[in-house]
Structures are given as C-alpha cells and as structure tokens.
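Got your viewer ready? Load the model below and we'll walk through it stop by stop.

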Amino acid sequence: MQQVKAVVARGKGQPVEVTTINVPDPGPGEALVKVQACGVCHTDLHYREGGINDDFPFLLGHEAAGVVEAVGDDVTSVAPGDFVVLNWRAVCGDCRACDRGEPWYCFATHNATQKMTLEDGTELSPALGIGAFAEKTLVAAGQCTKVDPSARAAAVGLLGCGVMAGIGAAINTGQVTRGKSVAVIGCGGVGVAAVAGSALAGASPIIAVDIDPKKLAKATEMGATHTVDSSTTDPVAAIQELTGGHGADVVIEAVGRPETWKQAFYARDLAGTVVLVGVPTPDMTLPDIPLIDVFGRGGSLKSSWYGDCLPSRDFPMLVDLYQQGRLDLDAFVTEEIGIDDVEAAFARMHDGDVLRSVVIL
Ligand code: APR
Ligand code: ZN
Ligand code: ZN
C-alpha cells in the first residue's frame with residue numbers, strides 16, 4: 001500500500017479537495033500506474049455535482065497517461081515501465097457483445113477489484129473506474145494501453161475520453177470515409193475532435209456549427225472547411241446549401257440537446273447518418289418530429305458511446321498519427337495546471353476559451 005496526493009469530491013456540489021489517499025499494491029488482473037497527466041472533463045464536474053450517482057467520495061480524473069509502476073502476478077498485457085493511456089472500457093472478451101465481434105459494446109468491462117481509500121479507510125469511487133487526479137492510481141490491467149513512449153503525456157492522455165469520443169463518433173460510429181460530407185453540431189472538445197477525425201478520414205466538406213464564434217475558429221484550425229454560426233443562421237438550410245441541396249452524409253451532434261438533435265435529423269442527406277455523441281440529461285426526450293419524416297428517410301440514427309472505440313486498436317494508431325504530425329492533439333491542451341487547480345479549472349470550463357485543462361502530476 002502507498003499513500004499519494006489526489007483530488008477527491010466529498011459531497012454534492014462541494015469544492016474538490018486535494019488530500020492523501022491509500023492505494024493498494026496491485027493484485028491479480030490489476031496495474032498500479034504513476035500518472036503523468038490527466039485532463040479535466042465535464043464528467044468530473046458532473047460527478048462532483050452528484051449528477052452521475054451518490055457514491056461519494058469520488059476520486060476524480062479519467063483522461064490520463066502515465067507509466068506502469070507495478071502489476072499483479074498474472075498480468076501479461078503490460079509491464080512495469082510501459083507508457084500507457086488509460087481507458088474506461090476494458091473489454092471482457094467473452095460477453096455476448098465481445099463474442100459477436102463488437103467488443104466496443106462490451107457490457108462486462110473490467111475495473112480494479114481492490115478499493116483505494118481515504119486515510120480513515122473510507123472507500124473511494126474512482127471516476128469512470130479510473131481516478132487519475134492522483135499521483136498514482138490502481139486500475140484493471142486491461143484499462144492500460146501501451147503507446148509510443150516518446151509521445152507527450154498531456155496530449156495523448158486526452159485520448160482516454162473526450163477526444164476519443166469525438167474522433168470515434170466520426171470514424172467508428174459515423175463510418176466517415178474519403179469524400180463524404182460531414183456536419184458537426186457543437187464544437188466543444190468533443191465536437192472539434194469529431195471535426196479532426198473527419199479530416200483524418202478525408203471527408204469533404206466538413207461543416208462546423210456552433211453558437212460561439214471562438215469555437216468555430218478552433219474548428220477551422222482542426223480541419224473544418226466551412227463554419228455556420230447557428231445563433232444567427234439557420235444551420236439546416238446552411239448545411240443543405242453547402243452540400244448541393246442534399247444535406248450531409250453524416251451529421252454528428254456533439255451538444256446533447258433535443259433541439260440540436262432535431263437540426264441534425266433534418267440536416268442529413270435522405271440516406272444519411274445522424275450520430276449522437278453529446279450526452280443528454282435524463283429529463284430530455286426526443287424532439288417533436290413527425291413519424292412520416294422518419295419513415296420518409298433511409299439512413300440511420302445512431303448514438304456513439306466512447307466513440308465506439310476499441311482502446312487496444314485505436315489508441316496506438318491515434319498516438320502514431322499524432323507523432324507523425326497528422327493529428328494535432330496538442331491543440332486540445334489549452335493549459336497545463338497543477339493538482340491544486342482542478343476546482344479553478346472547473347470554473348473556467350464554460351468560459352469558451354478552454355478546450356481542456358490538463359493536470360500535470
Ligand atoms: N447549437 C450549437 N452549438 C451549441 C448549442 C446550440 N444550440 N448549444 C451549445 N453549443 C455548443 C457550445 O458553444 C460548445 O462549443 O456546444 C459545445 C459544447 O461543448 P462543451 O460544453 O465544451 O462540451 P464537450 O466537452 O465538447 O462535450 C459535448 O458531450 O460529453 C458530453 O456532457 C458533454 O454533452 C456534452 C457533449
Ligand atoms: Zn465483453
Ligand atoms: Zn471524460
């Protein structure tokens with residue numbers, strides 16, 4: 001067992017605290033990771049606001065990269081010294097989804113069995129089964145994916161959540177390929193990652209939609225060919241006009257609201273695909289759309305969960321593309337901060353200038 005510094009949310013809406021936690025030595029199937037960098041995501045804030053569940057205290061942080069320090073006896077997939085990106089969907093390999101060859105839908109994903117605790121012994125709930133705003137964290141070995149050790153931890157750690165969700169929404173869920181037209185509604189961290197993924201895949205045009213001109217400027221940097229400010233322009237009409245009157249082959253909704261999903265529904269080509277990657281709140285319902293409009297169109301309406309990624313396949317590939325200069329992960333890192341600055345980073349999250357604050361440990 002070791003004691004390390006970590007960021008803990010003790011109760012609903014209370015500011016987070018930097019405190020000492022106990023981290024057990026890795027047992028069977030587990031790995032102890034020395035965290036180097038961890039991004040601050042909306043989901044961390046959501047945990048501390050009690051929006052996910054009431055299992056306080058939470059050990060926050062889940063978009064991380066670091067070095068494996070020790071592994072349990074039976075672990076062969078990673079070894080001490082490996083540079084890894086952590087993931088929150090370590091697939092089991094033998095549930096029904098894994099068996100039918102769609103492991104990204106795995107419903108028996110692995111986490112560490114042992115609990116990390118506060119100094120008084122209270123068990124911590126690690127955010128998304130990771131808990132990486134900590135000098136060290138204990139995860140399932142399958143949550144560690146080995147990547148190129150010369151890559152910058154602050155940048156590649158972001159593949160652990162939001163950036164992967166956006167890129168995967170385009171290339172995995174939306175099946176964006178060369179020559180397809182794409183529109184992305186909502187260009188926060190997830191949306192601009194969807195723009196970057198579409199650019200990687202060779203899509204054209206790539207139309208970015210947001211109500212904030214600063215976000216649209218960022219989307220252009222990431223590869224958008226056109227931008228639409230939907231606070232002043234009807235995005236459905238604009239997307240149709242930019243796609244020869246058809247609508248986009250793939251429309252990615254990265255806000256998570258009924259109004260913007262409705263825009264996505266009508267902005268797609270008749271046989272197009274809508275991908276919902278923005279996360280709605282439980283009280284939201286489908287927008288009011290005549291069923292005849294659903295019937296009258298082919299194509300598909302999909303949702304994208306963690307970008308339908310397979311970490312063991314996608315992380316090393318995307319890190320290599322980053323290292324080759326073909327995927328600008330540095331552009332997602334707005335600022336590097338210390339472990340004491342997470343609460344301040346939460347406050348800045350919605351000011352429009354921050355894509356990701358990354359805690360350096
Ligand atoms: N039309 C277009 N864009 C909008 C609208 C709207 N009506 N309302 C908000 N937006 C834009 C915001 O300006 C912002 O750029 O959507 C973007 C949302 O981005 P972030 O708040 O930075 O969220 P992000 O991290 O990208 O996540 C997007 O996925 O993970 C979930 O909870 C997260 O639902 C959120 C979504
Ligand atoms: Zn499985
Ligand atoms: Zn996240």
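We'll start at the ligand and then move on to a strand and its neighbours.

Some ground rules: this is a predicted model, where local features need pLDDT of at least 70 and side-chain atom pairs count only at pLDDT 80 or more, while totals for chains, interfaces and linings use all residues. Residues are numbered from 1 along each chain as its sequence is written, chains are lettered from A and ligands numbered from 1 in the order written, and side-chain values use heavy atoms, with hydrogens and water left out.

**Stop 1: ligand 1.** Select ligand 1 and its shell, meaning residues with a heavy atom within 4 Å. You should pick up 17 residues, the closest being His42, Gly189, Val190, Asp210 and Val255. By type, the shell splits into 7 nonpolar, 7 polar (Gly is counted here) and 3 charged (Asp, Glu, Lys or Arg).

Now look for polar contacts (N or O pairs within 3.5 Å). Backbone N or O atoms of Val255 and Gly188 sit 3.0 Å and 3.4 Å from a ligand 1 oxygen, respectively. The side chain of Lys215 puts an N or O atom 3.5 Å from a ligand oxygen. Overall, the protein covers 77% of the 720 Å² of accessible area that ligand 1 has on its own (Shrake-Rupley, 1.4 Å probe).

**Stop 2: strand β18.** Select residues 356–360, a DSSP run of E (at least two residues). Of its 5 residues, 4 are buried (under 20% relative accessible area).

**Stop 3: its partners.** Add β3 (residues 30–39), which pairs antiparallel with β18 over 3 bridges (pairing takes at least two); Cys38 is bridged to Val359. Then add β17 (residues 333–337), parallel to β18 over 4 bridges, with Glu336 opposite Val358.

Notes: Polar contact = N/O pair within 3.5 Å; in protein donor to acceptor, adjacent residues only side chain to side chain. Buried < 20%, exposed > 50% of the residue type's maximum accessible area, 1.4 Å probe, protein only.
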